[in-house]
Amino acid sequence: MGSEAPVGVFDSGVGGLSVLAEIRDLLPAESLLYVADSGHVPYGEKSTDYIRQRSRILADFLLGQGAKALVVACNTATAAAVNDLRSLFEVPVIGMEPAVKPAALATRSGVVGVLATTGTLQSAKFAALLDRFAGSVRVVTQPCPGLVECVERGELDGPELEALLRSYTRPLLAEGCDTLILGCTHYPFLRPLLRRLVPENVTLVDTGAAVARQLRQRLREGDLLACGPACPARFWTTGDPVSLNAVLPRLWSGNGVVTQLSL
């Protein structure tokens with residue numbers, strides 16, 4: 001497989017666009033493919049077997065488009081399916097994980113809050129992260145139903161969303177959290193609103209940039225780094241392409257037309 005082949009990225013919906021942007025910023029020579037599985041969003045409330053099945057289908061599609069590497073730009077899908085994908089496919093497969101390690105290093109109060117989907121918080125992978133990196137830091141978790149759906153609709157502000165987000169952050173702040181992990185790729189799009197709702201001394205942490213760095217490392221190890229120029233990013237959705245085409249300009253600073261995918 002040539003180094004100029006594209007990188008394939010998928011998520012349950014549009015959240016992975018936050019990771020795609022980090023990849024583009026760090027690796028501007030790479031051509032990018034993106035699939036939003038919006039016809040099956042959210043993953044956070046679905047079974048592990050269901051998410052694993054969807055992940056295989058999307059990975060197969062991206063590899064069929066010539067992808068030289070796969071990025072699972074979804075914490076829930078990573079927890080459910082990344083080991084499965086790595087056993088099935090020979091290309092590099094890069095996953096997501098909530099930023100427990102950097103948050104544990106960043107906290108001054110010794111209390112870290114996690115905003116995430118139910119699926120991520122209940123996963124064995126998340127439990128293993130806590131065992132490995134939390135140490136003496138107290139980690140307080142908060143499932144956040146409804147946030148993914150808001151971002152999917154392009155709703156990044158407004159009184160209803162503000163009230164919902166405040167209800168999720170208030171108990172974490174009350175516990176003394178000075179560091180909040182954004183444990184879903186949809187949540188970085190809510191950073192501006194979060195910054196208004198939490199004190200200035202509270203640090204917001206996500207892993208999009210770290211995933212981009214890991215991708216660069218894996219491509220370098222395989223002599224797969226592209227020289228460019230990159231082709232325009234290509235987008236597919238298993239949901240309504242009209243809806244995603246309407247939302248895309250709010251979440252992606254670049255050109256892009258969305259094609260419907262029946263999978």
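## Two helix crossings and three buried loop residues

The side chain of threonine 238 comes 2.9 Å from the backbone nitrogen of glycine 39. That detail comes from a predicted model, and it is a good place to start a walk through the structure.

Threonine 238 sits in the loop that links strand 9 (234-237) to helix 11 (241-251). With a relative accessible area of 13%, threonine 238 is buried, because buried means under 20%. Leaving aside residues up to four places away in sequence, threonine 238 touches Ala36, Asp37, Ser38, Gly39 and His40, along with Arg54, Leu261 and Leu263. Aspartate 178, by contrast, is 60 residues from threonine 238 in sequence and 38 Å from it in space, C-alpha to C-alpha.

Aspartate 178 brings us to another threonine. The side chains of threonine 107 and aspartate 178 are joined by a polar contact of 2.6 Å. Threonine 107 belongs to the loop between helix 4 (100-106) and strand 5 (111-116). Its relative accessibility is 13%, so threonine 107 counts as buried. A polar atom of the threonine 107 side chain also lies 3.4 Å from the backbone nitrogen of serine 109. Beyond residues up to four places away in sequence, threonine 107 touches Val112, Val137, Asp178 and Thr179.

A third loop residue to look at is serine 123, found between helix 5 (118-121) and helix 6 (124-134). Serine 123 has a relative accessible area of 14% and is therefore buried. Its side chain reaches the backbone oxygen of threonine 120 at 2.8 Å.

Here are the polar pairs side by side:

| Side chain | Partner | Distance |
|---|---|---|
| Threonine 238 | Backbone nitrogen of glycine 39 | 2.9 Å |
| Threonine 107 | Side chain of aspartate 178 | 2.6 Å |
| Threonine 107 | Backbone nitrogen of serine 109 | 3.4 Å |
| Serine 123 | Backbone oxygen of threonine 120 | 2.8 Å |

Now to the helices. In helix 1, the buried residues are Leu17, Ser18, Val19, Leu20, Ala21 and Ile23. Their cover includes strand 1 (7-11), strand 2 (32-36) and strand 3 (69-72), as well as helix 10, strand 9 and helix 11.

How does helix 1 cross helix 10? The axes of helix 1 (residues 17-26) and helix 10 (residues 208-221) come within 8 Å and cross at roughly 50°. That angle is why helix 1 counts as oblique to helix 10. The crossing of these two helices is right-handed. On the helix 1 side, the contact is made by Val19, Glu22, Ile23 and Leu26, while helix 10 contributes Gly208, Ala209, Val211, Ala212, Arg213, Leu215 and Arg216. Sorted by class, the contact of helix 1 with helix 10 has 7 nonpolar, 1 polar and 3 charged residues. Val19 and Ile23 are thus worth finding on screen: both are among the buried residues of helix 1, and both take part in the contact with helix 10.

Helix 2 and helix 3 form another crossing. The axes of helix 2 (residues 48-64) and helix 3 (residues 75-88) come within 9 Å and cross at roughly 55°. Because of that angle, helix 2 is oblique to helix 3. Helix 2 passes helix 3 in a right-handed crossing. From helix 2, Thr48, Ile51, Arg52, Ser55, Arg56 and Ala59 meet Thr76, Ala77, Ala80, Ala81, Asp84, Leu85 and Leu88 of helix 3. By class, this contact has 7 nonpolar, 3 polar and 3 charged residues.

Key:
Residues numbered from 1 in each chain as written. Predicted model: local features only at pLDDT ≥ 70, side-chain atom pairs only at ≥ 80, totals over all residues. Heavy atoms only, no water. Axes fitted to C-alpha atoms, helices over the stretch in contact; angles between N-to-C directions. Helix = DSSP H or I, 4+ residues; strand = E, 2+ residues; numbered from the N terminus. Parallel < 35°, antiparallel > 145°, perpendicular 65-115°, else oblique. Left-handed = near helix turned anticlockwise from the far one by under 90°. Contact = heavy atoms within 4.5 Å. Nonpolar A, V, L, I, M, F, W, Y, C, P; charged D, E, K, R; others polar. Buried < 20%, exposed > 50% of the residue type's maximum accessible area, 1.4 Å probe, protein only. Polar contact = N/O pair within 3.5 Å; in protein donor to acceptor, adjacent residues only side chain to side chain.
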